[in-house]
Amino acid sequence: MSQNVAVIGVGQTGFRARWDSMTYVELAQQAALRALADARLTPDDIDAVVFSMAPTHFMGVADCDKWAVDFIGARGKPFMRVHTGGATGGSAFHAAWAHVASGQYRRVLVIGADRITETPDAQFVLNLIWDPLYEQDFALNTVTMTALSTQRYMARYGVTEEQYARVVVRARRNAMHNPNAHLKGEITVDDVMNSPRIAWPYKLFDICPRSAGAAAIVLADEATAREVCDRPAFVTGVGAISNTVFQGDRCVPTADCDFAEHAEIAIAANECYRQAGITNPAKEIRVVEMYDPFSSFQFPELESMGFCPRGSAARLSDEGAFDPDGMVAVGPSGGTLCTNPIGVTGLVRVADAALQVMGRAGAMQVSGVRNALATAAGGSAQFFACTLLSDEPRGQAALA
Amino acid sequence: MTTATQEPMILPAEWRVRYNYPVGETGTRFFSALREKKILATRCSASGLSYLPPRAYCERSFQPCDEWVEAGTTGTIECATIVTAAFENLPPPPYAIAYVRLDGVDTALINFVQGLDLSDVPAAARRLQPGTRVKVVFRDQPEGRITDFHYELID
Amino acid sequence: MLGALRVATGRYHLGLVVSWNHTSQIDVQDVMRMRAEPFALRPVGMNGAIADALFAGEVQRRCGVDEDAVAARIVQRQQVAQRNPRGLRRAPQSAEAIRASGYDAYPLRRAHQAPASDGCVAFVLASGAWLRAHPQHRALARIAAVTSHIDSYRLDAGRVGAMAGFDAGLEDLLRRAGRDHAAIDVFEAEAPTGWHEAAIEHHLAGRDVRALSPSGGAWAQHPLFCMGLVNAAEAALQVAGRAGDVQVEDVHFAVAHGSHGYAQQGHTFVAFERVAA
């Protein structure tokens, strides 16, 4: 009953600390122009636009999606903005998918831009996610929040700080093949271990940068995709899940999902697998572009998503299983550890995954990619969105 | 299209916003009890789950929470961290925070952990592992705010 | 709109759509001020009320509506609103009291603007397949179509008050619903001021609309960012015959409208049809 939907064009600006030569809306415009050119479409060909943007407190203009309308060719079109914190890019992509899959719109642009540098008060802004009565006083922000769940995972499985450091080394090395990545280069485990301590167990290098940049994707129905695109990336799995903002509910014996395991993502990923008929993720999915703003995200999430048994990911990582030529290539783009333009990061993950399936990932290209998975996470690690992309439409199971 | 012939300009601005958050009935009972040095959790008889922070509705059964339970004065650390970086508008480091499951309550409540030597961070972190027992310590004059109490390790 | 699209994909069978508004003691207009781009608009102090004043000026010019007409319209709508069992049931003001209230920005008077209220609204959406599998459940209304249109961010005369997005969006909606020239029994409009309602009525003139905002619109309740969904609830209740004291007779097709942005930059529409008994 769903229409088949495919990615037919991708546009990204480079991601860096600052983009002072452009206003926010000019940055979004760059991504729109690139995605349209890549899709070989004009603005008039687009039926609807979805804008991907998380808190606007960073760039300092409320409802900046409305300001961007004229710059991205959205004037006179159906338009909505999606916001699920860090998961925004993934959720916005899902909303755009729904526009086409419903049969109501044929060619949809999903686009966003973000930058953090307009304000020095970024972590203060992120602290606002937490309940003002019970939790804001305790300096909860995205760094301390995930430090808490990481400490719990480390205690459970005996993972060391050095094992997380190796994840950073791999990501920065992968990012050297990504012309758009923010941080890149050859670093050592010692470099990570010697970087300033932030919130135990994190050091500076365990944490993503604040990146500025924009990204856009053009989605189309299958007929359009076959007509204009040599190798579209079909959206074969769409799964998302939410949980309570209260982390204290999620680190206790009665929790339905333990936040140390990022267990919610299992539900979202399994829904993608069910839709696409994937039965063995490690064998069938060649690339995972993960929303991993911290070095500690990969282990629990790969385990929760069924790539390896619980507690085994750290050892597999050390053995090279997640290298570009390993069992599954995790973040061949360098991932979110190297590039995090919050409101659009989830979209960049989808874009990088789509390029792998389309065979257009350039120096990042992993061989033999038929299926690639992109993830996004947001809020108090309470929103997860997973997207599976494939080289062909895959069987859609009837909904239970 | 113009080519840039000048250094791009930056425009400064500021926004100051104040709020008055309605606490609600459930919250009002909780914060009032803090003034009496008591921590009260809500409980749902349908699911059997008790909640801190207190909730008006059970998030498992979606029934109203119909009971109040007084939390114990001791509890177990579920996770903790030590903050060593200075974040704008947040407390000066170093400080420790932990989610603690107080005895008799199913969910964990966050607060500062005080009285710990934080000069050797990895050593301090080892003393805050999940499973560690802590006690609740109230300030002498509670004000009806979540910062009326903190946790300390039980030696 | 997104909820309906998701169900229409065939992947989702039950959905919950929720909206709520709970303004604390914050100055709403100061928040609206932050929506202005910082280079040209914010320095002149643009906010929601001032944008609405620009809108009102354009409505005055384009639609030939004057303040007396706006005051009379508001009084009438407030009388309707007082009967709405879901509203705040405030007593209507007099036209004199409305005209005597000060200007926030000419020609928009304080009393031209419906006061904000706290509130919340939720929908449960179900697919046709789910309903057929669960015959003990009954639909209140069928969603015939959804769409939205956004206009330029600019506030020049060509955009403000032209309501191009409203016209194009409504036309798009009716086409998708297969009812291009059909009568609209009820149109629940998002009209935060009397000027907005005058403009909307003017833009509906070419269509056969039996009842405009029988709920009383924003004068019944005005939870600021939920109005679109509140209007959808009112429209669905009308089609279901469950609108109570404000029920219009024999409603088969109702349209709900929501808007957002300075001077209604964006418009969203949902069309509801009566479900066969």
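**Reading a predicted three-chain model**

Modeller: Welcome! Let's begin with chain A, where the C-alpha centres of domain 1 and domain 2 lie 22 Å apart. Keep in mind that this is a predicted model.

Biologist: Which residues make up domain 1 and domain 2 of chain A?

Modeller: The assignment gives 5–121 + 212–226 for domain 1 of chain A, and 122–209 + 233–392 for domain 2 of chain A. As you can see, each domain is written as two stretches joined by a plus sign.

Biologist: How many residues of domain 1 of chain A are in contact with domain 2 of chain A?

Modeller: There are 40 residues of domain 1 of chain A in contact with 40 residues of domain 2 of chain A. On the domain 1 side, the elements giving two or more residues are β1 (5–12), α3, β4 (107–114) and β7 (213–221) of chain A. Of these, α3(A) gives the most, with 8 residues. Sorted by class, that side has 21 nonpolar, 15 polar and 4 charged residues.

Biologist: Now for contacts between chains. How many residues does the contact take from chain A and from chain C?

Modeller: Chain A brings 25 residues and chain C brings 26 residues. To read such a contact, look at which elements supply it. On the side of chain A that touches chain C, α2 (64–68), β3 (79–82) and α3 (88–101) of chain A each give two or more residues. You have met one of them already: α3(A) supplies the largest share here too, 4 residues. By class, this side of chain A holds 13 nonpolar, 7 polar and 5 charged residues.

Biologist: What does UniProt list for residues 11–187 of chain A?

Modeller: The UniProt record, an unreviewed entry, lists "domain: Thiolase N-terminal" there. In the model, residues 11–187 of chain A are 41% helix and 11% strand, and the C-alpha atoms at the two ends are 29 Å apart.

Biologist: Let's try chain B. In what order do the 3 strands of its open sheet come?

Modeller: Read across the sheet, the order is β2-β1-β3 (chain B), with antiparallel pairing. Here β2 (50–51) and β3 (67–70) of chain B are the edge strands; each has a single partner strand, so one side of each has no neighbour in the sheet. For a detail, follow β1 (residues 40–43) of chain B, which pairs with β2(B) in the antiparallel sense over 2 bridges. Within this sheet, B:Arg43 stands opposite B:Ser50 in β2(B).

Biologist: Which peptide bond of chain A leading into a proline is cis?

Modeller: To read this feature, check the omega angle. The bond from A:Trp200 to A:Pro201 is cis, with omega near 5 degrees, and A:Pro201 sits in the loop between β5 (197–199) and β6 (202–203) of chain A. In chain C, the bond from C:Tyr106 to C:Pro107 is cis as well, with omega near 0 degrees. C:Pro107 belongs to the loop between β2 (103–105) and β3 (108–109) of chain C.

Biologist: And phi? Where does A:Ala381 lie, and is A:Ala381 buried or exposed?

Modeller: A:Ala381 has a positive phi of about 50 degrees although it is not a glycine. Its place is the loop between β11 (371–378) and β12 (383–390) of chain A. A:Ala381 counts as buried because it has 24 C-beta neighbours inside 10 Å, and the cut-off for buried is 20 or more. In chain C, C:Ala263 also has a positive phi, of about 45 degrees, in the loop between β8 (253–260) and β9 (266–273) of chain C. With 22 C-beta neighbours inside 10 Å, C:Ala263 counts as buried too.

Terms used:
Residues numbered from 1 in each chain as written. Chains lettered and ligands numbered in written order. Predicted model: local features only at pLDDT ≥ 70, side-chain atom pairs only at ≥ 80, totals over all residues. Buried ≥ 20, exposed ≤ 12 C-beta atoms within 10 Å, placed from the backbone. UniProt positions renumbered as here; feature names shortened; annotations may be inferred. Contact = placed C-beta atoms within 7 Å. Nonpolar A, V, L, I, M, F, W, Y, C, P; charged D, E, K, R; others polar. Pairing = 2+ DSSP bridges. Domains from an automatic or database assignment.
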